[in-house]
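Me: I have a structure here and some terms I want to understand. Can we go through them one at a time?

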Amino acid sequence: MDIIGWRGVVAGVLAERVGILSEVIIDETLEEMSVAEDEMQIHMLGSFMKHLYTKLPNDIDRRKLLHEIRDSLMTEYHLLLARN
Amino acid sequence: MLSVRSKLTIAFSIFFIALFAQFALVYYFSNESAALITQTIKAHEQGNTLTRLAIEGQKLRRYEKEFFIYADNPDRRAKYSGEWNNSYGKLKDGLALLNAPRSIWSQADKERAQAWNESLNAYASGFNKVDVAVNNGFINGTLAANKAIQDAKNKFRVFLKGTATEIDNKVNQARDFSSQVEANLAIIQKYLMALSAAALAVGGVLLLTIPRAIAGPISELTESVIDISKGNIGRPVTVRGGPEVTGLAESVERLRIALKGLMLRMSKLQEERNQRTANTPSNKPKEVA
């Protein structure tokens, strides 16, 4: 199942911590996964989070940020995601 | 932590409340004291008037005694009778003033003055009868004259005792009013000192904290921004302070992280580009045959 607008949700949370870098990080993560933005499926989100974790800067609390992204996605799409 | 705006609002509110409390306190107690001072002056004036009346009353008694002492001496007798009538006239005028429509006297005072007037009339009537009797030779000698006026003299005691008591009352009233004014002034002084001390204490605390709360975080933030502008992007921007400054600090920290991430990616790209350039066949050194 495609999830429409997921990028906006993730970028919104990321931007709170890393500002303009958020879009770059998402692009890099998708590139690493070899997945296009509109191809993102629910079952890929766990993998996306794992790749995203490696792309985040060390200056921030990455685990906390991933939890925030997961919570935002759950709220937005009523999803049940596995905890990282 | 409170914002700078909240701190300033609290500080100014405290000062306004303190100022208003001082104004209300001074206004209320000064008005009350002004009324009390007016009453004190009035009681003093009344006391003075009554004292003058009491003195005239005592003069009457003295002239009456002199009249009787010189009962056998027509010239001296006539002199003291004249003096008596003179004081009597003054007393009547004084009592009439007490009953004037727009006077400073209360209804109770006026009723007392009425009783004194009747007492004076009874005494004057008695004295005039004795005066006529002595002048016509019906009464001879001091003792006989003294005995004849006894009844009228007793009636005059109402005036003499009444005025003496009322003078005491008026003096006591004036003293009480003055004491209340003193008490009011003491209250004003006490509360003004307490309010001023509280305002000074709060002002002192705010004077120490507010400039520090504004200038401290701003100078910390300025240092961080200067560092970033010089390329030192490794140090996180952490500023403690009110929400205004911490909000700005968070934004600067976001910019720093983004800048650092972009710079890392740029160097990585550059490295990759260099690698690719180095690996292109045209750039490889040709093997010597």
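Me: Leaving aside neighbours within four places in sequence, which residues is B:L60 in contact with?

Reply: This is a predicted model. In it, B:L60 is in contact with B:W84, B:S87, B:Y88, B:L91, B:L120, B:Y123 and B:F156. Contact means heavy atoms within 4.5 Å, so each of these residues meets that cut-off with B:L60.

Me: What makes B:L60 part of a nonpolar core?

Reply: A core joins buried residues of certain types, Leu among them, through side-chain atoms within 4.5 Å. B:L60 belongs to the largest such core, which has 32 residues. B:L60 is also one of those with the most contacts inside that core, as are B:W84 and B:F156.

Me: Which element gives the largest share of this core?

Reply: Helix 3 of chain B, with nine residues. A second, separate core has 27 residues, including A:V13 and A:F48.

Me: Why is the pair A:E28 and B:R265 called a salt bridge?

Reply: The rule asks for a side-chain nitrogen of Lys or Arg within 4 Å of a carboxyl oxygen of Asp or Glu. In this pair the closest N and O atoms are 2.6 Å apart. That is within 4 Å, so the pair counts. Across the interface of chain A and chain B, the rule finds three salt bridges.

Me: How much area is buried between chain A and chain B?

Reply: About 890 Å², with carbon and sulfur atoms giving 59%. In chain A, the residues A:I20, A:L21 and A:D59 lose the most area to chain B. Together they make up 50% of what that side buries.

Note on methods:
Residues numbered from 1 in each chain as written. Chains lettered and ligands numbered in written order. Predicted model: local features only at pLDDT ≥ 70, side-chain atom pairs only at ≥ 80, totals over all residues. Heavy atoms only, no water. Buried < 20%, exposed > 50% of the residue type's maximum accessible area, 1.4 Å probe, protein only. Helix = DSSP H or I, 4+ residues; strand = E, 2+ residues; numbered from the N terminus. Buried area = accessible area lost by both parts, 1.4 Å probe.
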